[in-house]
Amino acid sequence: MVGFDPVVRNHLSSTDFAIAGAISGAVTRAVSQPLDVIKIRFQLQVEPIKRNEHSKYSSIYQAVRCIIKEEGLSALWKGHIPAQALSVFYGIAQYSCFEVMTVEIWQYLPEMMTTTYRPLTHTVCGGLSGCIASFFVFPLDIIRTRFVAQGEPKLYNSLTSAVVSIGRKEGPRGFYKGLSPTVIQIAPQMGFQFGLYSLFTGLWNKAHGIWPTAAPESLEALVCGSGSGALAKLIVYPLDVIKKRLQVQGFEKARRPFGAVHQYKGLFHCLASSVRQEGVLCLYKGLCPSLLKAGFVAGLNFCIYENVCKVLAYSHRTSSR
């Protein structure tokens with residue numbers, strides 16, 4: 001079960017949680033990268049996501065065909081190397097921090113915080129762990145976004161060239177563009193994701209007459225994780241759009257083949273300008289592929305994490321006999 005429980009998790013260490021987080025992050029990233037590419041392309045497009053003479057992309061199906069035709073099948077995995085590194089390190093940091101926090105709460109706060117109010121506790125721990133993990137991996141998110149955003153000819157041909165170019169032209173701050181909306185976004189998103197996952201699995205177990213905090217089976221983790229991921233993403237989605245637009249500031253040359261390019265001075269200027277020029281619905285551009293990705297990734301991530309933890313716990317038990 002995600003979150004410390006002395007009965008379920010008494011054989012696992014912080015290293016085990018880091019391993020489980022890394023594996024779950026790597027697998028889900030490899031499978032879901034095409035949806036991420038499409039989502040980012042939609043978020044960065046100033047023109048409406050519908051068929052007209054000015055819009056580059058008008059639907060998921062049309063976007064997939066267009067990307068493959070113009071850039072090749074491999075373009076659906078653009079930015080996969082930094083994205084893979086991002087997912088692995090994020091998984092390590094997030095799950096390790098989350099598990100440590102739930103251990104501390106179990107030890108120092110009243111028992112009801114990890115039983116009756118477990119979803120609330122997981123909401124707080126999930127939000128804090130998400131913020132900590134995001135800060136450490138944010139430069140990789142910048143590079144990943146720019147790899148996905150660029151067309152042909154490429155400005156960045158490798159991870160090294162991207163790091164050198166950003167550092168030389170934009171300085172250290174270039175690796176943290178869009179950090180403010182990310183922190184504002186990630187705290188509630190990860191908080192709701194972990195909290196809702198705890199709530200949904202608890203309800204699932206009660207409905208089946210199982211101890212509420214029992215480690216979920218694969219189907220339960222997949223279904224409850226998908227629901228929590230999609231719902232959490234829906235709540236905070238406008239901040240994700242703003243974050244992506246700020247991350248490509250200073251990268252306008254590579255964006256021109258995709259349509260209009262705008263300059264933003266910061267979080268609130270980007271929000272106000274986007275709404276004024278494109279309408280409120282611009283804050284939900286790319287929502288469909290994003291919800292598909294968020295639900296799929298969260299469900300698969302929780303499912304893999306739970307199963308890796310079970311395997312590690314079993315190996316520890318057998319080795320200690």
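How many salt bridges does the count come to? The count comes to 18, where a salt bridge is a side-chain nitrogen of Lys or Arg within 4 Å of a carboxyl oxygen of Asp or Glu. Before turning to individual pairs, some ground rules help. This is a predicted model, in which local features need pLDDT of at least 70 and side-chain atom pairs count only at pLDDT 80 or more, while totals for chains, interfaces and linings use all residues. Residues are numbered from 1 along each chain as its sequence is written, and side-chain values use heavy atoms, with hydrogens and water left out.

As for confidence, pLDDT is the predictor's own score for each residue, from 0 to 100. The protein has a mean pLDDT of 85, with 92% of its residues at 70 or more. Among its elements, helix H2 (residues 60-71) has the highest mean, 90, and helix H8 (residues 252-255) the lowest, 58. Helices here are DSSP runs (H or I, at least four residues), as are strands (E, at least two), numbered from the N terminus. Where pLDDT is low, the predicted coordinates should not be read in detail.

An unreviewed UniProt entry carries the annotation "repeat: Solcar" over residues 12-104, 117-203 and 216-311. Such positions are given in the numbering used here, feature names are shortened, and annotations may be inferred rather than shown by experiment. Along residues 12-104, the chain is 73% helix and 0% strand, and the C-alpha atoms at the two ends sit 15 Å apart.

Next comes the packing inside. A nonpolar core is a set of buried Ala, Val, Leu, Ile, Met, Phe, Trp, Tyr and Cys residues joined through side-chain atoms within 4.5 Å. Buried means under 20% relative accessible area, exposed means over 50%, and partly exposed falls in between (1.4 Å probe, protein chains only). The largest such core has 22 residues, and the members touching the most others are Val-2, Leu-12, Phe-194, Tyr-197, Phe-302, Tyr-305 and Cys-309. Two or more residues come from each of helices H1 (14-44), H3 (80-108), H6 (179-207), H7 (218-247) and H10 (287-319). H10 gives the largest share, nine residues. Phe-302 makes a handy example: leaving aside neighbours within four places in sequence, Phe-302 is in contact (heavy atoms within 4.5 Å) with Val-2, Tyr-95, Gln-193, Phe-194, Tyr-197, Ala-221, Gly-225 and Ser-228. Apart from this core lies another of 14 residues, among them Ile-40, Phe-42, Ile-67 and Ala-75.

Back to the salt bridges. Side chains of opposite charge can pair when their charged atoms come close. Asp-36 and Lys-293 form one such bridge, at 2.9 Å from N to O. This pair links distant parts of the chain, with Asp-36 in helix H1 and Lys-293 in helix H10, 257 residues apart. Asp-36 counts as buried because its relative accessibility is 0%, and Lys-293, at 13%, counts as buried too. Another bridge joins Arg-41 to Glu-71, whose closest N and O atoms are 3.0 Å apart. Here the link runs from helix H1, home of Arg-41, to helix H2, home of Glu-71, across 30 residues. Arg-41 is buried at 2% relative accessible area, and Glu-71 is buried at 15%.

The bridge between Glu-217 and Lys-310 spans 3.9 Å, N to O. Glu-217 lies in the loop between H6 and H7 and Lys-310 in helix H10, so this pair ties together parts 93 residues apart in sequence. With a relative accessible area of 54%, Glu-217 is exposed, whereas Lys-310 counts as partly exposed at 27%. Salt bridges also join up into a network that links Arg-29, Asp-36, Lys-39, Asp-141, Arg-144, Lys-233, Asp-240, Lys-243, Lys-244 and Lys-293.

What about the cysteines? A disulfide is a covalent bond between the sulfur atoms of two cysteines. With the cut-off set at sulfur atoms within 2.5 Å, the structure holds zero disulfides. For Cys-270, the nearest cysteine sulfur is that of Cys-282, 8.4 Å away. Cys-270 counts as buried, at 0% relative accessibility. For Cys-288, the nearest cysteine sulfur is again that of Cys-282, 17 Å away, and Cys-288 counts as partly exposed at 48%.

Finally, His-269 sits in helix H9 (residues 267-278) and counts as partly exposed, at 30% relative accessibility. Not counting residues up to four places away in sequence, His-269 touches Gln-263 and Tyr-264.
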